[in-house]
Amino acid sequence: MLDSHLTSDAPRHAAPMQRVRGVARVVMGATGLRDLYQAGSAKAMLPKIHGPVPEVVFLNTSGGLTAGDRLDYTLEVEAGGALVGTSQTAERAYASVAQGADAEVAISLKAGCGARLDWLPQETILFDKSRLSRVTRAQIAADSRFVFVESLVLGRAAMGETVESLRFRDRREVHRAGRLEYLEPLEFDADTLAMRHHAVTLGGARAIATIGVFAQGAQDLADSLKSLTQEGVSAGVSGWNGKLIIRAMAADGYPLRRYVARALEHLRHGPLPRVWQL
C-alpha cells in the first residue's frame with residue numbers, strides 16, 4: 001500500500017528558488033595589491049599583463065541575474081596608484097518568472113589622491129521581463145583621474161530577440177573631494193519601451209552608452225571627441241568643470257561597442273583590457 005502522504009490531495013508548496021549572492025572587493029596600493037576578498041558567485045581575477053597598470057576582472061559565475069539576486073563589487077585604488085577594472089563578459093539580466101525583489105547590483109569605486117581609476121565593464125544585456133536595480137557610486141580625490149563607461153543593450157538583435165517589458169533602474173554617482181559632482185538616474189519600464197521610437201526616450205535605439213571622464217582639464221578633451229564617428233551610431237559630447245560626458249546610441253550593440261572602444265582608446269591613450277573582444 002502506498003503511504004498516505006504520497007496520495008494526498010493536499011497542496012504542495014514549491015521549494016524556494018536559490019538566489020545568487022556574491023561579494024568581491026579589491027584594494028590596490030601604489031606598489032601592489034593591498035586587499036582581495038571574494039565570496040559566493042562574485043569573483044575578482046588579476047590577470048598577468050605586460051603593461052604597467054594592473055587590471056581587475058570581475059566575474060559573476062552564475063552566468064546572469066534574475067529577480068532576488070544580489071552582487072556587490074568594490075574597487076579601490078589608493079593614493080598614487082593606478083588600476084583598471086572591467087568584467088569578464090557582458091552581464092545578463094534574464095526574465096524573472098517569479099514575483100519578488102529586483103536583482104540588485106551595487107558597485108563601489110574609490111580613487112585616492114593622485115590616483116587613476118578606470119571602470120570599464122562590458123555591456124549589460126537586458127532580456128524581456130528582466131528586473132534589475134543597479135547603483136554605481138564613485139568617490140574620488142580632487143586630483144585623481146576617473147574614467148567610466150556603462151553600456152546597455154535591449155536583447156540580442158542577431159538572435160531576433162525583442163524586449164517589450166522589463167524594469168530597469170540605474171543610478172550613477174560621482175563624488176569628488178566629498179562633493180557630489182555627477183548624478184544620473186535612469187529608469188526603463190514597459191511604458192518607456194512602448195515609446196522607444198520617440199526622440200525623448202530611446203529614439204529607436206536598442207543600445208545606449210555613457211562614457212565619463214573626471215579629471216583636471218577633462219573638459220578640454222571634448223573637441224577631439226566630437227570628430228569621432230562610427231557608422232550607425234549617434235553621439236553627443238559635453239565638457240565642463242573638469243568633466244567630460246559622452247552619450248551614444250545605436251540600433252544594435254555591435255556598432256555601439258566599436259564606437260565605445262574607439263572613444264576609450266582615445267581618452268586613455270592605450271588599448272582596452274584584454275578581455276574586451278571586438
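## Strand pairing and the core around Phe146

Leu83 finds its bridge partner in strand β9, and that partner is Leu117. Keep in mind that this is a predicted model. The pairing belongs to a parallel arrangement: β6 (residues 82-87) and β9 (residues 116-119) are joined by 4 bridges. β9 also runs parallel to β12 (residues 145-154), again with 4 bridges between them. On that side, Arg116 has Arg145 of β12 as its bridge partner.

Here are the two pairings at a glance:

| Strands | Direction | Bridges | A partner pair |
|---|---|---|---|
| β6 (residues 82-87) and β9 (residues 116-119) | parallel | 4 bridges | Leu83 and Leu117 |
| β9 and β12 (residues 145-154) | parallel | 4 bridges | Arg116 and Arg145 |

Now for the packing. Which residues have the most contacts inside the largest nonpolar core? Leu75 and Phe146 do, in a core that counts 43 residues. Strand β8 (residues 103-111) is the top contributor to this core, supplying 5 residues. Apart from this core there's another one, made of 32 residues, including Val149, Val153, Val233 and Leu256. As a rule, nonpolar side chains in soluble globular proteins tend to be buried together.

Phe146 is worth a look. Not counting neighbours within four places in sequence, Phe146 touches Leu109, Leu117, Trp119, Ala138, Ile140, Val174, Gly212, Val213 and Phe214. So that list includes Leu117, the bridge partner of Leu83. Phe146 also turns up in an aromatic cluster, where ring pairs link it with Phe148, Tyr182 and Phe214. Altogether, the model has 9 aromatic pairs.

Notes:
Residues are numbered from 1 along each chain as its sequence is written. This is a predicted model: local features need pLDDT of at least 70, side-chain atom pairs count only at pLDDT 80 or more; totals for chains, interfaces and linings use all residues. Side-chain values use heavy atoms; hydrogens and water are left out. Rings of Phe, Tyr and Trp (its six-membered ring) pair if their centres lie within 6.5 Å; planes under 30 degrees apart count as stacked, over 60 as edge-to-face and the rest as tilted. A nonpolar core is a set of buried Ala, Val, Leu, Ile, Met, Phe, Trp, Tyr and Cys residues joined through side-chain atoms within 4.5 Å. Buried means under 20% relative accessible area, exposed over 50%, partly exposed in between (1.4 Å probe, protein chains only). Helices (H or I, at least four residues) and strands (E, at least two) are DSSP runs, numbered from the N terminus. Contact means heavy atoms within 4.5 Å. Two strands pair if DSSP finds at least two bridges between them.
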